[in-house]
Amino acid sequence: MKIEFTKTVQLVNNQKVSFRYPSINDVNTLRTFINKLSKEDTFIIMSGEIISVREESAYLKKNLKKIAQGDMVILICESAGRIIGSASVERNTQKRKRARHVGSFGISLLPEFRGQGLGKRLMEEALTEAKKRIVGLKMVTLDVFAPNSTAIDLYRKIGFQEVGGIPQGILFHGQYVDLIIMWKAV
Ligand SMILES: CC(C)(COP(=O)(O)OP(=O)(O)OC[C@H]1O[C@@H](n2cnc3c(N)ncnc32)[C@H](O)[C@@H]1OP(=O)(O)O)[C@@H](O)C(=O)NCCC(=O)NCCS
């Protein structure tokens with residue numbers, strides 16, 4: 001079954017951004033995107049590591065399989081042929097049958113596309129899509145670094161609540177900061 005999704009949004013500066021699922025042809029543009037974020041050393045897991053074509057290709061193939069199986073949703077944002085954002089919800093299959101109703105969420109945009117309402121739109125679309133495609137999904141959790149107030153504000157607006165955390169669980173810019181866990185029923 002081919003999984004389709006396309007939506008185009010217009011930013012305040014009239015720039016058009018489209019949301020869609022990734023395909024195997026996106027390896028290079030996705031790699032450029034993730035390596036840019038990694039180099040920026042922002043509030044994501046990657047902090048300067050460079051992903052090779054081979055690594056990105058293996059990662060994408062694995063995720064395309066999860067999407068086809070109904071265990072994952074990824075929406076990427078494309079603008080003028082570039083991937084500028086991505087959001088995902090992935091079913092927790094690591095705990096076998098115990099947590100198949102739980103999904104984990106992640107999102108990132110390139111810096112020049114932030115603060116214009118795109119993250120909120122993308123997150124809403126990804127959560128709606130996840131509810132549709134990931135059968136039996138009942139809740140979504142996410143991890144966020146405590147100093148990431150932009151993301152925490154956004155998540156609260158979407159209805160996520162803080163339910164816990166790991167004190168000083170993350171090394172960020174040379175300091176240990178808290179990892180916050182948020183939760184929302186879907
Ligand atoms: C977090 C992120 C996805 C949010 O997307 P965004 O497009 O910047 O956010 P939006 O413009 O949709 O704004 C949504 C809300 O976030 C908050 N927000 C956005 N920009 C903000 C800023 N500069 N300062 C403080 N809050 C801000 C506001 O609450 C805003 O709601 P409002 O527009 O009603 O005021 C994006 O900033 C990003 O990719 N950041 C870097 C990577 C990252 O932190 N990923 C998340 C890891 S958990």
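The paragraphs below walk through this predicted model, from its sheet to the helices, the core and a few single residues.

A good place to begin is the sheet, in which 8 strands are arranged in the order 1-2-3-4-5-6-8-7, forming an open sheet with mixed pairing. In general, the strands of a sheet pair through backbone hydrogen bonds, and they do so either parallel or antiparallel. The two edges of this sheet are strand 1 (6–10) and strand 7 (161–172), each of which pairs on one side only. From one strand to the next, the twist averages 20°.

The mixed pairing can be followed strand by strand. Strand 4 and strand 5 run antiparallel and are joined by 7 bridges, and within this pair Ser-88 has Gly-106 in strand 5 as its bridge partner. Strand 5 and strand 6, by contrast, run parallel and are joined by 3 bridges, with Met-139 in strand 6 serving as the bridge partner of Val-102. At the edge, strand 7 and strand 8 (residues 175–185) run antiparallel, with 8 bridges between them. Among the partners in this pair, Ile-170 is matched with Val-177 in strand 8, and Gly-165 is matched with Ile-180, also in strand 8. The hairpin made by strand 7 and strand 8 has 2 residues between the strands, and here His-173 takes a positive phi near 50°. How many of the 12 residues of strand 7 are buried? The count is 0, and strand 7 is accordingly described as hardly covered.

The helices can now be placed against this sheet. Helix 2 (residues 53–68) packs on the sheet, where it touches strand 3 and strand 4, and its direction makes about 120° with that of strand 3. Helix 4 (residues 149–158) lies across strand 6 (139–145) and strand 8, and runs at about 160° to strand 6. Two of the helices also meet each other: the axes of helix 1 and helix 2 come within 9 Å and cross at roughly 110°. Angles of 65 to 115 degrees count as roughly perpendicular, and therefore helix 1 is described as roughly perpendicular to helix 2. At this meeting place, Val-27, Leu-30 and Arg-31 of helix 1 are in contact with Val-53, Glu-56, Ser-57 and Leu-60 of helix 2.

The next step is to look at what is enclosed. In soluble globular proteins, nonpolar side chains tend to be buried together. Here the largest nonpolar core has 28 residues, of which Val-73, Leu-75, Cys-77, Val-89, Leu-122, Ala-126 and Ala-130 touch the most other members. Two or more residues of this core come from each of strand 2 (16–20), helix 1 (27–40), strand 3, strand 4 (82–91), strand 5 (102–109) and helix 3 (118–133). There is also a second, separate core of 7 residues, which includes Val-144, Phe-145, Ile-180 and Met-182. Returning to Cys-77, and leaving aside its neighbours within four places in sequence, its contacts include Val-17, Phe-19, Ile-84, Leu-109 and Leu-122.

Ile-74 offers a closer view of strand 3 (residues 72–79), where this residue is placed. Is Ile-74 buried or exposed? Ile-74 is buried, because 22 other C-beta atoms lie within 10 Å, and the cut-off for a buried residue is 20 or more. Beyond its neighbours within four places in sequence, Ile-74 is in contact with Tyr-21, Pro-22, Asn-63, Ile-67, Ser-86 and Ser-88. Ile-74 and Gly-106 are 32 residues apart in sequence, while their C-alpha atoms are 9.4 Å apart in space.

Some loop residues give the opposite picture. Asn-13, in the loop between strand 1 and strand 2, counts as exposed because it has 6 C-beta neighbours inside 10 Å. Its C-alpha atom is separated by 9.5 Å from that of Gln-116, which is 103 residues away along the chain. Ala-80, in the loop between strand 3 and strand 4, is exposed with 8 other C-beta atoms within 10 Å, and has a positive phi of about 50° although it is not a glycine. Arg-96, in the loop between strand 4 and strand 5, is likewise exposed, with 8 other C-beta atoms within 10 Å, and its phi is positive, near 55°.

Finally, a record can be set beside the model: an unreviewed UniProt entry carries the annotation "domain: N-acetyltransferase" for residues 32–186. In the model, this span is 33% helix and 36% strand, and its end C-alpha atoms lie 32 Å apart.

Definitions and conventions
Residues are numbered from 1 along each chain as its sequence is written. This is a predicted model: local features need pLDDT of at least 70, side-chain atom pairs count only at pLDDT 80 or more; totals for chains, interfaces and linings use all residues. Helices (H or I, at least four residues) and strands (E, at least two) are DSSP runs, numbered from the N terminus. Two residues are in contact if their C-beta atoms, placed from the backbone, lie within 7 Å. A nonpolar core is a set of buried Ala, Val, Leu, Ile, Met, Phe, Trp, Tyr and Cys residues joined through C-beta atoms within 7 Å. UniProt positions are given in the numbering used here, feature names are shortened, and annotations may be inferred rather than shown by experiment. Two strands pair if DSSP finds at least two bridges between them. Axes are lines fitted to C-alpha atoms, for helices over the stretch in contact, and angles run from 0 to 180 degrees between N-to-C directions. Angles under 35 degrees count as roughly parallel, over 145 as roughly antiparallel, 65 to 115 as roughly perpendicular and the rest as oblique.
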